[in-house]
Amino acid sequence: MTKQVVVPENWQQSGKDYLTEHGMSLIEVPNEHADTLRQLGDRVDGIVYMLDPFTEDLYPALPNLKVIARHGVGYDNIDPQVATKHGVYVTITPQANASTVAETTLADILAVSKNLFQDSQHMRHGDFNYPQTHRGFDLEGKTLGIFGFGRIGQLVAQKASALGMTILYTNPHPRKTMFAKQVNFDELLQKSDIVTLHAAVTSDTRKIMNREAFAKMKPGSALINLGRGALVDETALIDALDSKRLRAAALDVFDEEPLPLSSPLYQFDNILLTPHIASNTTESMNRMAIGAASEVVRVLNGKQPQWAVNTLQ
């Protein structure tokens, strides 16, 4: 019997083609909300999954489910231990978007240091004097702090090394690198002119950028978060910006996505806000789509996945 795989309607055609070319039948859905998935019942053998929370009550509602293939790297919306209990693999695409996210991080570093977003916005409103009273700052000779030094963090260090910055990193384990020096978290905060977040969300890192952390940062420094919204206490961030402790921020991820228009973050003109687009290039999206599809095909053909985050006996 043909295996059936749930995919978003607006998913990359390259991923859909890969699945159908490998004998899979597609169930295209407008969204991946729990109510939508429950209605599919025992038709579902695999799912290509985005950002909705995958709650435990969904497993008995999808009794034939064998694999949840994340279209991306983060999987904090899926509990791998719960998936293991129900005999379901959770896979990611670790090699698909690291370089793209590192490039976007570099773009944010440059934009924040040169006030590019603010200058552009004020120009559009006829305020040509704004740049005279809101100057940017050089990156050469400044310090970049990278919290989380996995694939993306290491590529950020490599790419940023061309800017003449001192680069520090904090990570649970030391990494071999010629581009950065390992320091503890407090030292990273105290010495960095820009802190960029690339760590996974764990019990130790959730809301790690809290009031205490912001108080330790250099006055006038900047924060960049392209990791996960849960790394930052948004209320503490707002206070740090309001008090001018932070000069600026660039945020691509949030506690709630999309960021509600009622969020007080919109009131600051020194925040560059983007809607979770750090990996949003044609090349990266195609790599993620084919990577996720290939994991579904492997599992549904009885093979071991390449990039599972859990282990089944």
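Glu-295 is a buried residue (under 20% relative accessible area with a 1.4 Å probe, protein chains only; exposed is over 50% and partly exposed lies in between), and Glu-295 has no salt bridge. A salt bridge here needs a side-chain nitrogen of Lys or Arg within 4 Å of a carboxyl oxygen of Asp or Glu. The nearest side chain of opposite charge belongs to Arg-298, 4.2 Å away; in this count Lys and Arg are positive, Asp and Glu are negative, and His and the chain ends are left out.

A word on what you are looking at: this is a predicted model, in which local features need pLDDT of at least 70, side-chain atom pairs count only at pLDDT 80 or more, and totals for chains, interfaces and linings use all residues. Residues are numbered from 1 along each chain as its sequence is written, and side-chain values use heavy atoms, without hydrogens and water.

So what does the side chain of Glu-295 reach? At 3.0 Å there is the backbone nitrogen of Gln-306. Glu-295 sits in helix 12, residues 282–300; helices (H or I, at least four residues) and strands (E, at least two) are DSSP runs numbered from the N terminus. Beyond its neighbours within four places in sequence, Glu-295 is in contact with Thr-91, Ile-92, Pro-305, Gln-306, Trp-307 and Ala-308, where contact means heavy atoms within 4.5 Å.

Now turn to helix 11, residues 234–242. At its start, a side-chain oxygen of Asp-233 comes to within 3.1 Å of the backbone nitrogen of Thr-235. Just after helix 11, Lys-244 has a positive phi of about 70°. Buried residues in helix 11 are Glu-234, Ala-236, Leu-237, Ile-238, Ala-240 and Leu-241. Their cover includes helix 10 (211–216), strand 10 (221–225), strand 11 (246–251) and strand 12 (271–273).

In soluble globular proteins, nonpolar side chains tend to be buried together. Here the largest nonpolar core has 32 residues, and Met-209, Phe-214, Leu-223 and Leu-237 have the most contacts inside it. Such a core is a set of buried Ala, Val, Leu, Ile, Met, Phe, Trp, Tyr and Cys residues joined through side-chain atoms within 4.5 Å. Helix 9 (185–191), strand 9 (194–197), helix 10, helix 11 and strand 11 each give two or more residues to this core. Helix 11 supplies the largest share, five residues. Apart from this core lies another, of 28 residues, among them Ala-98, Leu-106, Phe-149 and Ala-160.

Conventions:
A polar contact is a pair of N or O atoms within 3.5 Å; within protein, one must be able to donate a hydrogen and the other to accept it, and residues adjacent in sequence count only if both atoms are side-chain atoms.
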